[in-house]
Amino acid sequence: MGAPTGNREHFTSLCRMCDNRCGINVYVENGTIVEITGLKEHIWNHGRLCVKGRLAVDMVNAPDRILKPLKRVGHTWEEITLDQAYDEIAEKITKIQSTWGDRAMSVWKGEALGFLTQENLYRRFIHALGSPNYFSNDSQCYVGRWLGYALVTGDWATQDFIKAKCAVIWGSNPPYSQPNLTQSILNGRERGGKLIVIDVRLSAIARQADEFVQIQPGTDGALAHGIARQLIEDDTIAHSFIDEYTIGFEAYAQYVKDFTPKRVEKETGVPAETVVHIARELGSRRPKVAFYAGNGLEHHENGINNVRAIACLDGLLGNFDHEGGNFTAEKPALRDLTLYKEKSLRHLGPIGADKYPVLYNFRKECHTITAIDTILSEKPYPLKGMILSGANPVLTNPNSQKVSKALRALELFVVRDLFMTETAKLADYVLPAATFLEDSEIHCHPIHQSISLSKEIVTFPECDSEYIFLKKLAARLGAESYFPWKDKDELNSWLLQDAGITLETLRNHPEGYEYKPRRYLKFQKEGLPTPSGKFEFFSKYLKDLGYLGLPEYFPPAYKSSPNPEFPYVMVTGARKVFYTHGRNRNFPRCRSAIPNPDIEIHPSDAEMLGVKTGDIVTVTSTVGSVDIPVKVVHKSSILPGVNQVTHGWKESNINLITHDDRNDPIDGFPLMKSVEINITPKLNGNSND
Ligand SMILES: Nc1nc2c(c(=O)[nH]1)N[C@H]1C(S)=C(S)[C@@H](COP(=O)(O)OP(=O)(O)OC[C@H]3O[C@@H](n4cnc5c(=O)[nH]c(N)nc54)[C@H](O)[C@@H]3O)O[C@H]1N2
Ligand SMILES: Nc1nc2c(c(=O)[nH]1)N[C@H]1C(S)=C(S)[C@@H](COP(=O)(O)OP(=O)(O)OC[C@H]3O[C@@H](n4cnc5c(=O)[nH]c(N)nc54)[C@H](O)[C@@H]3O)O[C@H]1N2
Ligand code: SF4
Ligand SMILES: [Mo]
């Protein structure tokens with residue numbers, strides 16, 4: 001901590017460098033944030049602050065931060081006033097909507113804005129303008145896992161790691177992605193719980209595991225079915241739960257019969273005896289088994305069914321909504337900012353809703369990949385304008401070249417960001433955004449069923465918060481009545497009204513305010529929020545839509561129809577400690593720690609290719625090619641033939657070669673893992689090029 005000075009002010013707030021929203025202390029000197037530390041009393045992080053949290057100081061004070069509205073004029077940028085920017089943008093929106101129809105406008109909310117209020121403000125804004133076209137990063141983040149569970153249980157499962165006798169971390173690496181989740185996993189383990197990690201790579205959490213199961217990419221559904229088969233054979237299943245609270249068990253049990261340990265070994269690379277062993281570990285610890293399904297399970301063509309297969313294990317083990325298992329967190333009674341109840345939007349043809357009805361029906365959200373396609377094809381109708389905030393899809397959506405082409409083709413493209421990103425560079429207007437330290441927002445921590453309030457601690461004159469931006473723009477578009485709250489405090493008070501909580505209460509509870517104590521076994525009285533009211537091993541809803549009712553497993557294409565031209569299989573996106581997607585590369589202390597992108601290669605593949613760490617290789621898929629420096633990893637870190645590349649580097653943008661043309665048919669998530677690639681050496685690392 002820096003030496004205290006006379007004018008050092010202290011505030012408590014929440015970090016939003018990731019969506020975990022840890023409690024923080026913020027110290028300000030002469031109007032500048034100088035230090036952030038973890039808030040000891042906060043229910044979620046208990047004083048811990050991860051390295052990304054510390055980077056918030058670098059972010060808010062960054063010398064390259066955009067602090068003025070910018071307008072594209074030819075090949076350069078002109079600084080303009082906020083009023084001019086908002087006036088011109090409003091004029092262009094009006095023109096687009098009168099020429100092409102209301103639906104021709106859209107919004108795109110990115111990961112940096114998180115969920116709840118900011119997300120719903122964008123939904124409200126675009127719906128107030130009469131367009132159903134709300135897009136977000138959620139069409140390739142978390143919703144695949146959420147849907148995988150929701151199709152079985154009606155909701156996402158939260159983990160009771162502290163009380164679990166066994167934690168299973170499946171396709172996730174919490175030490176890098178969610179440090180506080182790691183803490184509860186490890187605390188549970190200290191109390192005698194077992195830790196099993198199922199991952200393609202020997203990740204940071206895998207290194208701490210009692211059992212590390214190394215699996216071939218995209219084959220997780222086969223492993224889950226193999227475990228299910230063994231549990232049924234051993235009769236270590238929760239009969240009373242299955243009998244009373246589930247549907248489709250017979251058909252499911254019949255289906256998984258074929259997943260013998262030998263077949264699973266062939267399919268997944270996991271030894272047959274490990275399959276049996278893991279099933280027995282789980283069976284003997286049930287129902288106190290907590291599964292966490294991570295982002296590693298998304299971005300495959302069979303992703304949803306793989307997650308459904310894992311979710312089904314909750315039913316077999318009886319750990320669903322059970323102490324020490326996976327429970328459904330209850331939500332706070334916040335008022336709804338969306339307009340779905342007031343305005344019918346489905347008949348307006350939300351882009352992608354026909355192609356991915358499950359995504360739209362459950363999440364009321366259009367798919368970003370269909371946004372890109374629609375801009376370019378004008379089918380089913382022209383999409384001409386977009387306001388994008390807190391996202392950098394040129395680095396984060398698949399097939400980046402196509403993404404750039406589409407965004408460039410828009411008549412109006414407005415980007416709100418802190419920095420001149422690869423996406424902002426394509427905009428007509430770049431508006432300076434307010435960071436979370438300049439905004440006040442209610443955030444929910446479902447795991448503790450508590451809410452907390454973040455605070456506006458500093459301000460920059462032209463960096464409007466998302467709410468004020470949308471309010472000012474709506475006023476210019478005749479939609480001011482939808483944004484009646486004078487400021488964020490008024491808005492936040494309105495949101496809390498039905499919950500019987502005041503802003504004052506939240507201010508007095510920087511540690512988090514528990515809105516409802518946690519309950520287990522809620523389904524016994526209330527049923528489950530599925531169409532049948534039961535735990536669904538079989539989904540009639542999916543079947544009626546033309547999908548498979550059972551979570552059937554299909555091998556990834558690199559296994560079912562290997563292409564000799566693309567002999568390697570690549571997963572992408574494994575998180576790095578300092579970097580969040582495309583963010584933080586401009587902070588010198590991050591750059592000196594992890595200076596460049598790399599492709600992780602097994603030593604035997606490196607030898608065959610004749611490359612060593614630091615050499616440059618060209619990596620090719622059917623979508624395109626990209627040059628990347630090599631990192632030869634330890635032989636136990638990754639399987640031969642498998643590679644990993646983390647996204648978010650403009651220097652080697654891996655999404656130049658990921659697929660927008662191959663998707664999971666249920667949620668449309670793109671193939672960004674299990675990607676078939678070829679690798680060819682390009683440059684020796686000692687070269688000066
Ligand atoms: N190949 C591959 N691609 C992936 C993934 C993968 O695993 N593999 N993962 C995907 C996942 S899970 C996700 S969530 C997406 C994320 O992708 P995006 O939604 O594009 O998120 P970021 O890249 O983090 O971009 C956030 C932008 O918001 C800006 N920003 C930061 N704070 C604020 C703020 O307070 N206000 C505003 N307006 N802007 C701010 C940052 O400068 C940054 O440019 O990426 C996806 N892309
Ligand atoms: N530092 C940092 N933290 C972040 C983010 C960030 O960019 N940086 N992003 C945030 C966001 S938006 C998200 S969605 C979360 C994601 O957080 P997590 O869900 O924890 O995702 P990752 O950390 O990428 O870990 C995914 C793991 O899955 C493995 N994997 C890849 N393919 C497969 C597969 O087919 N099967 C199995 N079993 N494993 C596989 C990878 O090797 C990797 O170890 O992280 C959040 N936190
Ligand atoms: S985990 Fe780190 S980045 Fe995420 S909210 Fe907490 S301190 Fe911030
Ligand atoms: Mo994500």
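The exercises below, each with a worked solution, concern a predicted model of a protein chain with two ligands.

**Exercise 1. The domains of the chain**

Task: State which domains the assignment gives for the protein chain, and describe the contact between domain 1 and domain 4.

Solution. Begin with the bounds, since the later steps refer to them. The assignment gives domain 1 as 3-61, domain 2 as 70-142 + 335-433 + 460-481, domain 3 as 157-327 + 522-544, and domain 4 as 557-681.

Next, take the pair formed by domain 1 and domain 4, whose centres, computed over C-alpha atoms, are 34 Å apart. Domain 1 brings 7 residues to the contact, and domain 4 brings 8 residues.

Then turn to area: about 690 Å² is buried between domain 1 and domain 4, and carbon and sulfur atoms account for 61% of it. On the side of domain 1, the residues that lose the most area to domain 4 are V51, L55 and D58, which together make up 58% of what that side buries.

**Exercise 2. The surroundings of ligand 1**

Task: Work out which residues come nearest to ligand 1, which polar contacts it makes, with distances, at R16, E111 and S389, and which domains supply its shell.

Solution. First, the shell: 36 residues lie around ligand 1, and those that come nearest are R16, N392, D417, R583 and N655.

Second, the polar contacts, taken one at a time. The side chain of R16 places an N or O atom 2.6 Å from an oxygen atom of ligand 1. At E111 the partner is a polar backbone atom, 2.9 Å from an oxygen atom of the ligand. At S389 a polar side-chain atom is 2.9 Å from a nitrogen atom of ligand 1. On its own ligand 1 has 920 Å² of accessible area, and the protein covers 98% of this.

Third, the composition and origin of the shell. Its residues comprise 10 nonpolar, 18 polar and 8 charged. Helix 16 (393-396) and strand 16 (412-417) each contribute at least two of the shell residues. By domain, at least three residues come from domain 2 and at least three from domain 4.

**Exercise 3. The surroundings of ligand 2**

Task: Carry out a corresponding analysis for ligand 2, starting from its closest residues, and explain why it lies between two domains.

Solution. First, 33 residues surround ligand 2, with S172, S177, D199, D220 and Y579 as the closest.

Second, consider the polar contacts. In the side chain of S177, an N or O atom is 2.6 Å from an oxygen atom of ligand 2. The other two contacts treated here use the backbone: an N or O atom of K576 is 2.7 Å from a nitrogen atom of ligand 2, and one of H581 is 2.9 Å from an oxygen atom of the ligand. Of the 920 Å² that ligand 2 exposes when taken alone, the protein buries 96%.

Third, the shell around ligand 2 is made up of 11 nonpolar, 13 polar and 9 charged residues, and both helix 6 (174-177) and strand 10 (194-199) supply at least two residues to it.

Finally, the reason for the placement: domain 3 and domain 4 both give residues to the shell, and ligand 2 therefore lies between them.

**Exercise 4. Backbone geometry in the loops**

Task: Locate the cis peptide bonds at P287 and P380, and the positive phi values of Y142 and E378, in the order of helices and strands.

Solution. Start with the peptide bonds. The bond joining R286 and P287 is cis, with omega about 0 degrees, and P287 belongs to the loop between helix 12 (272-285) and strand 13 (289-293). From K379 to P380 the peptide bond is also cis, omega being near 5 degrees, and P380 sits in the loop between helix 15 (368-377) and strand 15 (385-389).

Continue with phi. E378, in the loop between helix 15 and strand 15, has phi near 60 degrees, a positive value in a residue other than glycine. Y142 has a positive phi near 65 degrees and is likewise not glycine; its place is the loop between strand 7 (134-136) and helix 5 (143-153).

Notes
Residues numbered from 1 in each chain as written. Chains lettered and ligands numbered in written order. Predicted model: local features only at pLDDT ≥ 70, side-chain atom pairs only at ≥ 80, totals over all residues. Heavy atoms only, no water. Near = heavy atom within 4 Å. Polar contact = N/O pair within 3.5 Å; in protein donor to acceptor, adjacent residues only side chain to side chain. Areas by Shrake-Rupley, 256 points an atom, 1.4 Å probe, with all protein chains shown as cover. Helix = DSSP H or I, 4+ residues; strand = E, 2+ residues; numbered from the N terminus. Nonpolar A, V, L, I, M, F, W, Y, C, P; charged D, E, K, R; others polar. Domains from an automatic or database assignment. Contact = heavy atoms within 4.5 Å. Buried area = accessible area lost by both parts, 1.4 Å probe.
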